[in-house]
Amino acid sequence: MEHNNQADQTEEICVEANGLWKIFGKKAADILNSDLRFESKESILEKTGNVMAVRNVSFSVARGEFFVIMGLSGSGKSTLIRMLLRLIDSTSGSIRVNGEDILKYSKKRLMDFRRHTTGMVFQYFGLFPHRDVLYNVAYGLKVRGDVSKEERHARAQEAIETVGLKGWENYHPSALSGGMRQRVGIARALTINPEILLMDEPFSGLDPLIRREMQDELIELQDKVQKTIIFVTHDLHEALKLGDRIAIMRDGKVVQIGVPEDVITSPADDYVREFVQDASPAKVLTAGGIMDQPEALLYEWQGPKAAIRTLRDIKEDYAFMVSRHRNLLGLVTLNRLKTVIQNNGASLKEAFTPDPPTTNPVTILEDLFPIAAEADYPIAVVDEDGKFMGEIQISSIFENMIQSKEAIADE
Amino acid sequence: MSEFPRFLNIPLADWVDRFMDWILTNFSGVFDAIGHTLLMMLLNIERFFLWIPWWLVVIFVGILAWRVMRKWTMGVVMALLLVLIGSFGYWKLAMMTLALTTSAVVVSLAVGIPLGILMAKSDLAEVIIRPVLDAMQTMPSFVYLIPALMLFGLGKVPALFATLIYSVPPVIRLTNVGIRQVPQDTIEAARASGASPRQILFDVQMPLAVPSIMVGINQTTMMALAMVVIASMIGARGLGLEVLLAINRIEVGRGFEAGLCIVFLAIIIDRITNALATKQQKSLES
Ligand SMILES: Nc1ncnc2c1ncn2[C@@H]1O[C@H](COP(=O)(O)OP(=O)(O)OP(=O)(O)O)[C@@H](O)[C@H]1O
Ligand SMILES: [Mg+2]
């Protein structure tokens, strides 16, 4: 767990929270300075009437990272994400964004920060009911005061099109469905082209179908614009699907931070284990995570005889053939090789099947099942450029699933 | 028989008297200036109402009522009520009453909306202002006549001033309520966008408070009209004075006519401002 607490050292850190506390109530400072702060939320509430919402939270998020904060209702997620924008004042701790301590900002500087650096999307949208979509989306530019109306509208228009709401500019929010309102909220955050997007359960009010659609769109958007995203959810599958890393909160504390697979395969405590219990490994493990390196590869310039020798050496009846740059060309099998040699064929090209089943390293196991059902030989894993990365034995798909289930059950 | 102990006596009446004396000796210049401004405004409004031809008023009110209530029958009814006032022979007095009411409403809004905003923005201000408003509205309205008289003497200005004290609370109250009931998440979204408190007030809170403020304006107007009869005791001319004279001379018919005219004015003003308020509410919801 420790090593995942920090963002990857080689990457530039964008947001860094250190020892953040938030206690709601009049006695916040007293509680923080006494041993009371170690007691449970309930007992603090009972003794002092104050609410311990966020407790000594530290994390850092790299530039361009998709960071998910997950936890049950009341665990302090919203409080935490609001603190990052100083919508709620922290009781103690520090928040650095791009190296600057934002808690030291003056009112004016804070307004500038919100106007230029961050965009926030709220669970309940927070749209202006008395204004149309265009005004809502352009509002982040309007408050700057120095952006002309033409530019505001042009940029708002662009964001409206990005979220697929073209044609709805002059409708009021009340005329839109929940999913469309949320898109307005997202467009409003995007219009100012912020470095950092903060999203508090943006999809939890939506029905499952639209929700999945919006998640896919967000992933696509993230690929396109490469923002740093801090995303709050109470849905594990959403967290696993979207997050580069996930922080799990419980009673105001962060109990684990890690990449999705770590969280699933080695939960930090019972709380996380319970959380991930119903998460199927098939939805979590990826092709890239379970692939192996074959013992040998064949190269396009090799002859059939050399190839057959290689296969005999590694005692396999197949091998993948790649180009000089390791681009996958096809699958060569022992039987085909034998036929080619019998017919005095001189080129390995005559012996290969050009389109073997392949997959992408980020594909989850669940999506491998249909491919595996069709495949007679292992599945090749190739990246976006067609480069060969590894292979997956059909049997290992199921082995991996069983292993990870057992690992969870054991602990 | 029990005697209340003398030492527990609080000479509040004395204190108030002394306070008023003190104000009068030290601030009479200020009150003269205020009185003069109010008088100028009132006279100009009154001159205007007496200057416009009666039929223009009737047509204007008819069309306005038709537009805001979206029923031409309402336009006709409102216009007819006005004509009736004229037929009873009270046109001029009604216009004077209307001038006093209008002046009171204008000043009420000018004072009340900023105070309402202050009250909404500061909890301390709310704690202080709220009981004052309660007192202003529950105290018998005659009581206002006394300080009004002392500060401004007899005449139109004290009448306006007394009317004002009575009619300003609703608009303050409803501005406050309107701003405070703006959903927190809407305001939070504006803050997150980097809006300044001023931008939040004008872009979000005030527009969303408009329906509530309109209800306040409606109530303020009705209160002002209700105060007209009482204000006539210290020198406001108009329908109120007519009622007062009729009561003094026990002329039932005359009192009835004048009273009816006040009721007609009240109906016209209430229906129109009320329809405006509902319209605002609807345009926000749709
Ligand atoms: N303004 C406030 N005053 C007092 N207590 C608060 C306030 N805001 C939040 N809390 C309390 O702080 C705790 C954390 O609340 P928070 O809204 O951050 O939880 P959450 O994880 O976002 O929950 P959910 O998933 O339901 O949104 C809760 O116990 C809540 O009651
Ligand atoms: Mg929340």
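Let us start on the surface of chain B, where B:Trp54, B:Trp55, B:Leu56, B:Ile59, B:Ile63, B:Trp66, B:Trp72, B:Val76, B:Leu80 and B:Val83 make a nonpolar patch of about 1000 Å². A patch here is built from residues with over 30% relative accessible area and no salt bridge, joining nonpolar side chains (Val, Leu, Ile, Met, Phe, Trp, Tyr) within 5 Å and like charges within 9 Å. The areas themselves come from the Shrake-Rupley method with a 1.4 Å probe, and for residues only the protein chains shown count as cover.

Before going further, please keep in mind that this is a predicted model, in which local features need pLDDT of at least 70 and side-chain atom pairs count only at pLDDT 80 or more, while totals for chains, interfaces and linings use all residues. Residues are numbered from 1 along each chain as its sequence is written, chains are lettered from A and ligands numbered from 1 in the order in which they are written, and side-chain values use heavy atoms, with hydrogens and water left out.

Which helices supply the nonpolar patch? Both α2 and α3 of chain B give at least two residues each, and α2(B) gives the most, with 6 residues. Helices (H or I, at least four residues) are DSSP runs, numbered from the N terminus. One of the patch members, B:Val76, sits in helix α3 of chain B. With a relative accessible area of 40%, B:Val76 is partly exposed; buried means under 20%, exposed over 50%, and partly exposed in between (1.4 Å probe, protein chains only).

Chain B also carries a surface patch of positive charge, where B:Arg67, B:Arg70, B:Lys279 and B:Lys282 gather. Lys and Arg count as positive and Asp and Glu as negative, with His and the chain ends not counted; each charge is placed at NZ of Lys, CZ of Arg, CG of Asp or CD of Glu. B:Arg70 is found in the loop between α2 (54-69) and α3 (72-87) of chain B, and B:Arg70 counts as exposed because its relative accessibility is 64%.

Now for charges that pair up. Side chains of opposite charge can pair when their charged atoms come close. Over all chains, the structure holds 27 salt bridges, each being a side-chain nitrogen of Lys or Arg within 4 Å of a carboxyl oxygen of Asp or Glu.

In chain B, B:Asp123, B:Glu126, B:Arg130 and B:Arg180 are linked in a network of such bridges. B:Arg180 bridges to B:Asp123, with 3.1 Å between the closest N and O atoms. B:Arg180 lies in helix α7 (residues 156-180) of chain B and B:Asp123 in helix α5 (residues 123-138) of chain B, so this pair ties together parts that are 57 residues apart in sequence. B:Arg180 is partly exposed at 34%, whereas B:Asp123 is exposed at 54%.

Within the network, B:Arg130 also meets B:Glu126, with their closest N and O atoms 2.8 Å apart. These two are 4 residues apart in helix α5 of chain B, so about one helical turn separates them. B:Glu126 is buried, at 15%, while B:Arg130 is partly exposed, at 37%.

Chain A offers a bridge to look at too: the side chains of A:Asp112 and A:Lys108 meet at 3.7 Å, N to O. A:Lys108 is exposed at 57%, and A:Asp112 is partly exposed at 26%.
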